[in-house]
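Let's take a walk through this one together, stopping at a few spots along the chain. Have the sequence and the 3D view open as you read.

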Amino acid sequence: MKALLKTKKGINGVELLEIEEPQVKSHELKVKIHATGICGTDMHIIHDEYSCNYPVVMGHEYSGTVMEVGNKVTDYQVGDRVVSLTAAVKCEDCVYCRSGLYMLCEERLSIGSGVNGAFAECMVIPEKIAFKIPNNVTLDEAVLTEPLACMVRCVIERGTVKAGDYVLVSGPGTIGLLTMQVAKANGGNVIVIGTSQDKERLKLASELGAFATIVIDEEDVHEKISKLTSNLGVDVAFECAGVGPSAYNCLKLLKKTGLYVQVGLYGKKVEFDMDLALTKEINITNGFASEPTSWERALRLLEMKQVNVAPLISTKLPLDDWKKAIEMVDNKDAFKVLFVPNGEIDA
Ligand SMILES: [Zn+2]
Ligand SMILES: [Zn+2]
């Protein structure tokens, strides 16, 4: 089968190869991949900013259909539509695993970085990490369950948004617009900020229910936020861009005693104005990946139509077009780009 792998460091280390189809073991499911999203983490892997086990098939945001089950599997059948947690391998025994925090396990190997992922025609996963997709959610929409689950963790399980809160989302990428929608589902009035390069994304933010949007290199963001929040600043700020100036804006625009939530990954060390945080008594938290509870909630948000992910999908490409896909994501020419390894264009 065809698969897109990271085989070594450097851009030459991204290769589309013909590899053997994986064999299913007793407690595993073999999943025919419908589509896989290209995520910020994949881009960090491609650009050598995130560690992985070479050679590895990338891709962890996917949906698919069960095509074969192991001989001890009882809860799944051929034809079931599934998504899954990314933590495919973990010890199941450490203090973190025992509380469901698999992403913090020292022995964790994740789909698409530690073990083979979904930029391929099919993939094998342990049945334990799978979730069935609700009937009224399309396979295309379900691809976004993984990033949505991560945002559920950031907004609800690690952070808190209360009804009536002024909420700032800095960075209107996929992550930002999912964060915005989860915060809104919790009753927040969400202000989304971005640069003039992000205008299309900010427009989409408004369409998806942002309370206000601000183009930071064209408008006075401090003045505008002051006006919107009775001179106080926002109650909660989510840094979703993963760049230093965005973190500074979040700190600056928060009200004193506000909550700062780090969502984006920087891919390098950055400066953070800890004195500003301290003198405003800012609470700081963050979220890394997701736990099973985040997935259950994410799937419910999709099923109940409290979050709308379909407009975030802009492009679907076969694996053969991987160079074009990476370029589009790098240049921000597209919103969410999906690979369709089996050529299934419609969900
Ligand atoms: Zn991801
Ligand atoms: Zn563990």
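Where does Val309 have its place? Look in the loop between helix H10 (residues 292-303) and strand S17 (residues 313-317). Keep in mind as you look that this is a predicted model. Sitting in a loop might make you expect an exposed side chain, so check the number: Val309 has 1% relative accessibility, and because buried means under 20%, Val309 counts as buried.

What is Val309 in contact with, once you leave aside its neighbours within four places in sequence? The list is Glu141, Leu144, Leu178 and Leu302. To get a feel for how the chain folds back here, take Val143 as well: Val309 and Val143 are 166 residues apart in sequence, yet their C-alpha atoms are 9.3 Å apart in space.

Now jump to the metal. Which residues coordinate the zinc ion (ligand 1)? They are Cys39 through SG, His60 through NE2 and Glu61 through OE, at 2.2 to 2.4 Å. If you like to scan sequences for motifs, the spacing of these donors along the chain reads C-x20-H-E. Cys39 and His60 link distant parts of the chain, being 21 residues apart. Cys39 lies in the loop between strand S3 (28-37) and helix H1 (40-46), while His60 belongs to the loop between S4 and strand S5 (61-69). Are these two buried or exposed? Both Cys39 and His60 are buried.

Strand S4 also has a part in a sheet. As a reminder, strands of a sheet pair through backbone hydrogen bonds, either parallel or antiparallel. In this case 3 strands make an open sheet, ordered S2-S1-S4, with antiparallel pairing. At the edges are strand S2 (14-18) and strand S4 (56-57), each of which pairs on one side only. Zoom in on strand S1 (residues 2-6) and S2: they run antiparallel and are joined by 5 bridges. If you want one pair to find on screen, Ala3 has Leu17 of S2 as its bridge partner.

Last stop, a pair of helices. Helix H7 (residues 221-228) packs against helix H8 (residues 244-253) at an angle of about 35°, and their axes are 11 Å apart. The contact uses Val221, His222 and Ile225 from H7, with Asn249, Lys252 and Leu253 from H8. Sorted by class, that contact comes to 3 nonpolar, 2 polar and 1 charged residues. As for handedness, H7 and H8 cross in a right-handed way.

Definitions and conventions
Residues are numbered from 1 along each chain as its sequence is written. Chains are lettered from A and ligands numbered from 1 in the order in which they are written. This is a predicted model: local features need pLDDT of at least 70, side-chain atom pairs count only at pLDDT 80 or more; totals for chains, interfaces and linings use all residues. Side-chain values use heavy atoms; hydrogens and water are left out. Two strands pair if DSSP finds at least two bridges between them. Helices (H or I, at least four residues) and strands (E, at least two) are DSSP runs, numbered from the N terminus. Axes are lines fitted to C-alpha atoms, for helices over the stretch in contact, and angles run from 0 to 180 degrees between N-to-C directions. A crossing is left-handed if the near helix is turned anticlockwise from the far one by less than a right angle, and right-handed if clockwise. Contact means heavy atoms within 4.5 Å. Ala, Val, Leu, Ile, Met, Phe, Trp, Tyr, Cys and Pro count as nonpolar, Asp, Glu, Lys and Arg as charged, and the others, Gly among them, as polar. Donors are N, O and S atoms within 2.8 Å of the metal (3.2 Å for Na, K and Ca); water is not among the atoms, so sites may look incomplete. Buried means under 20% relative accessible area, exposed over 50%, partly exposed in between (1.4 Å probe, protein chains only).
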